Amino acid sequence: MLGMRTVLCLTMLRVCASAASPDYFPLHPGNEWVYRCTGLCGEPLKVIRVARAEYAGGRWYSVFEGFGATEAFLRQDQDGTVWSLDRTSGQESRWYAFSTPVGESYQTSIDPCARSATVLSRNNRYEGPAGVFPETLQINYPPGPCMDAGLTEEIFYRWTGLMRRTEITIGGPRTYNLIYARTAGATVISQPELHFSHT
């Protein structure tokens, strides 16, 4: 009887795991990503990471050091929506709504120059420095209120995170492609000889 219960529990766990939505933006402390920039770039490599977890406003948040100059307090709910906390007002705003159906849009606060996002594909084939990845999530950002500035596209891969980000600048497009990722113990790397450091 005990053996039958064990088999049943394992089967249910497998079903639940397979039914769970993929985590396109893993926010575990210690996760780190390195991108190679092409186009109008201030620096050829960009390191982003989840620095720590911190309790604020009655919830736990992941403190994210990303493409901007300031830290972002982020959390992801059960629907796969990523929320950002404004620590001054205590209000949350949406960064990503990963469960949005293909072809539909959602409002976003990730970039003041890109206020809406459209899920273009969940079956996009991404090929970059880190390899070839099928079934990536492709998000497009239509032009916003800024001229010659803002996000235009992001591509995510399940349980790895952001694979590519493209922005428009007054000097032309700027693209970040993933060359290294360490997420929850798994590592993706494009070149064995890659070395980098940051403070």
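**Bridges, cores and disulfides**

Okay, let me start with one residue: R49 is partly exposed, at 26% relative accessibility (buried is under 20% relative accessible area, exposed is over 50%, partly exposed is in between, with a 1.4 Å probe and protein chains only). This is a predicted model, where local features need pLDDT of at least 70 and side-chain atom pairs count only at pLDDT 80 or more, while totals for chains, interfaces and linings use all residues. Residues are numbered from 1 along each chain as its sequence is written, and side-chain values use heavy atoms, with hydrogens and water left out.

So, what does R49 pair with in a salt bridge? With E65, at 2.8 Å from N to O (a salt bridge is a side-chain nitrogen of Lys or Arg within 4 Å of a carboxyl oxygen of Asp or Glu). That pair links distant parts of the chain, 16 residues apart: R49 sits in strand β2, residues 45-56, and E65 in strand β3, residues 59-65 (strands, E, at least two residues, are DSSP runs numbered from the N terminus). E65 is partly exposed too, at 25%.

How many salt bridges does the structure hold? There are 14, and I'll pick out two more. E54 and R87 meet at 3.5 Å, N to O. E54 is in strand β2 and R87 in the loop between β5 (81-85) and β6 (92-97), so this bridge ties together parts 33 residues apart in sequence. R87 is exposed at 53%, whereas E54 is partly exposed at 22%. Then there's E92 with R59, at 3.6 Å from N to O. Here E92 belongs to strand β6 and R59 to strand β3, so the parts being tied together are again 33 residues apart. Both ends are partly exposed, E92 at 25% and R59 at 39%. And if you like graphs: salt bridges with shared partners join R52, E54, E71 and R87 into one network.

Now the inside. In soluble globular proteins, nonpolar side chains tend to be buried together. The largest nonpolar core here has 38 residues, and the members that touch the most others are F25, F64, W95, Y96, F98 and I139 (a core is a set of buried Ala, Val, Leu, Ile, Met, Phe, Trp, Tyr and Cys residues joined through side-chain atoms within 4.5 Å). Take F64: setting aside neighbours within four places in sequence, its contacts include F25, W33, I48, V50, L74 and W95, and our friend R49 as well (contact means heavy atoms within 4.5 Å). Apart from that core lies another, of five residues, among them A56, V63, F73 and L85.

Last topic, disulfides. There are two (a disulfide is a pair of cysteine sulfur atoms within 2.5 Å). C37 is joined to C41, S to S 1.9 Å, and the torsion about that S-S bond is about -80°, so the link is left-handed. C37 is buried at 8%, while C41 is partly exposed at 25%.

The other one joins C113 and C146, with the sulfur atoms 2.0 Å apart. It is left-handed, with -80° about the S-S bond. Why does this pair tie together parts 33 residues apart in sequence? Because C113 is in the loop between β7 (105-111) and β8 (114-128), and C146 is in the loop between β9 (131-140) and β10 (150-157). C113 is buried at 13%, and C146 is partly exposed at 30%. Counting bonded cysteines along the chain, the pattern is 1-2, 3-4.

Methods: Helices (H or I, at least four residues) and strands (E, at least two) are DSSP runs, numbered from the N terminus.
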